[in-house]
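Q: I would like a close look at one part of this model, set against the whole chain. Please begin with the overall picture and then work inward.

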Amino acid sequence: MHDSEHRPYNGLPDLTEAEMLARAKTFHELVTRRRTVRDFSDRPVPREIIAACVQAAGQAPSGANMQPWHFEVVGDPVIKKQIRLAAEEEEQQFYEGRASEEWLDVLAPLGTDAEKPFLETAPWLIVIFEQRYGLDPDGEKIRYYYTKESVGLASGFLIAALHNAGLASLTHTPSPMGFLNRILERPGSEKPFLLLVTGYPAEGAVVPDITRKEPGEFIHYRDAGET
Ligand code: IYR
């Protein structure tokens with residue numbers, strides 16, 4: 001049936017249905033409390049905590065298990081400043097003309113603008129790169145599959161892991177993000193996917209008073225035995 005070697009899988013805990021339901025609800029409650037924060041404290045966060053979260057991200061499933069991602073974890077204030085300056089330059093153009101009125105209208109409730117002080121204030125910036133293809137030792141291209149989906153999954157793991165660890169995060173996507181290749185010395189085969197800002201919220205940080213869809217608005221069940 002399989003060409004490759006396989007081994008028994010025993011990675012799941014042995015739970016009663018009551019325990020499963022309780023855990024499912026606990027996780028739901030945990031992620032319900034996650035919000036994007038734009039106002040960060042400069043309080044340091046030990047690298048170990050970030051490392052465990054990034055390593056969790058690296059356990060995400062990926063197309064053909066190619067793991068087409070690279071994470072740059074930046075705490076160096078000199079590099080953070082370079083990133084802030086370059087991001088703000090792009091963002092100024094975005095807010096002053098590149099973005100459509102329609103786009104600016106939907107962003108208005110979030111209160112975003114071209115100023116990105118959090119890129120210097122927050123202790124850690126995690127830049128997630130999508131590897132669009134690999135390179136073998138001879139420099140030949142190796143085809144990767146579903147790279148965007150894979151990197152999106154890893155980013156989701158990371159965001160959940162940071163929240164679970166008690167840290168705030170901000171999914172920042174200055175556009176275009178090519179400056180991140182230059183500053184972080186990454187090859188042209190890699191495309192910046194997301195700039196994730198993490199740390200503690202500033203004292204008194206506020207978030208926009210927005211809500212998520214109700215379950216009935218985004219889930220439709222077709223139970224067994226209904227047809
Ligand atoms: N990249 C800009 C604009 C922006 C776009 C979306 I879509 C957002 O959800 C939030 C912001 C910025 O970061 O300000």
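How much accessible surface does the protein have, and what percentage of it belongs to carbon and sulfur atoms? After that, please turn to helix α2: which of its residues are buried, and what covers them?

A: This is a predicted model, and the accessible surface of the protein comes to about 15100 Å², with 52% of that area belonging to carbon and sulfur atoms. The chain has 227 residues, of which 35% count as buried, and its C-alpha trace spans about 55 × 50 × 40 Å along the principal axes. The secondary structure consists of 8 helices and 6 strands, which follow one another from the N terminus in the order α-α-β-α-α-α-β-β-β-α-β-α-β-α. Among contacts with a separation of 6 or more, 80% are made by residues 24 or more positions apart. The protein carries 24 positive and 35 negative side chains, and the centres of the two sets lie 1 Å apart.

Within this frame, helix α2 covers residues 47-57, and its buried residues are Ile50, Cys53, Val54 and Ala57. Seen down the axis of α2, these residues fall within an arc of 95°, so they line one face of the helix. The general background is that an α-helix has 3.6 residues a turn, so residues three or four places apart point the same way. Turned away from the buried side of α2 is a face that carries the exposed residues Glu48 and Gln55. The cover over the buried residues includes strand β1 (69-74), strand β2 (124-131), helix α6 (147-164) and strand β6 (190-199).

Helix α6, one of the elements in that cover, can be followed through two of its residues. Serine 150 is found in α6 and counts as buried because its relative accessibility is 2%. Leaving aside neighbours within four places in sequence, serine 150 is in contact with Pro61, Ser62, Gly63, Pro68, Trp69 and Tyr145. Valine 151, which also lies in α6, is buried with a relative accessible area of 0%. With neighbours within four places again left aside, the contacts of valine 151 are Pro68, Trp69, Ile128, Phe129, Glu130 and Phe193. Valine 151 and glycine 63 stand 88 residues apart in sequence, yet their C-alpha atoms are 9.7 Å apart in space.

The loop that runs from α2 to β1 deserves attention for its backbone. Alanine 64 lies in this loop and has a phi near 55°, a positive value in a residue other than glycine. Asparagine 65 is found in the loop between α2 and β1 as well, and its phi is likewise near 55°. As general background, most residues other than glycine have a negative phi, and most peptide bonds are trans. Alanine 64 counts as exposed because its relative accessibility is 57%, and asparagine 65 counts as exposed at 53%. A further backbone feature is the cis peptide bond joining serine 175 and proline 176, with omega about -5°; proline 176 is placed in the loop between β5 and α7.

The nonpolar interior completes the setting. The largest nonpolar core has 21 residues, and those with the most contacts inside it are Phe40, Ile83, Leu119, Leu180, Leu184, Leu195 and Val197. At least two residues of this core come from each of α3 (77-98), α5 (118-121), β2, β5 (168-172), α7 (179-184) and β6, and α7 gives the most, with 4 residues. A second, separate core has 20 residues, among them Val45, Trp69, Ala161 and Leu196. In the largest core, leucine 119 is one of the residues with the most contacts; not counting residues up to four places away in sequence, leucine 119 touches Lys80, Ile83, Arg84, Ala87, Leu125, His172, Leu195 and Val197.

A last link leads back to strand β1 from the loop between α7 and β6, where arginine 186 lies. Arginine 186 is partly exposed, with a relative accessible area of 21%. Its contacts, leaving aside neighbours within four places in sequence, are His70, Glu72, Phe129 and Asn181. Arginine 186 and glutamate 72 are 114 residues apart in sequence and 9.4 Å apart from C-alpha to C-alpha.

Key: Residues numbered from 1 in each chain as written. Predicted model: local features only at pLDDT ≥ 70, side-chain atom pairs only at ≥ 80, totals over all residues. Heavy atoms only, no water. Buried < 20%, exposed > 50% of the residue type's maximum accessible area, 1.4 Å probe, protein only. Contact = heavy atoms within 4.5 Å. Areas by Shrake-Rupley, 256 points an atom, 1.4 Å probe, with all protein chains shown as cover. Lys, Arg positive; Asp, Glu negative; His and termini not counted. Charge placed at Lys NZ, Arg CZ, Asp CG, Glu CD. Arc of directions from axis to C-beta. Core = buried A, V, L, I, M, F, W, Y, C linked by side-chain atoms within 4.5 Å.
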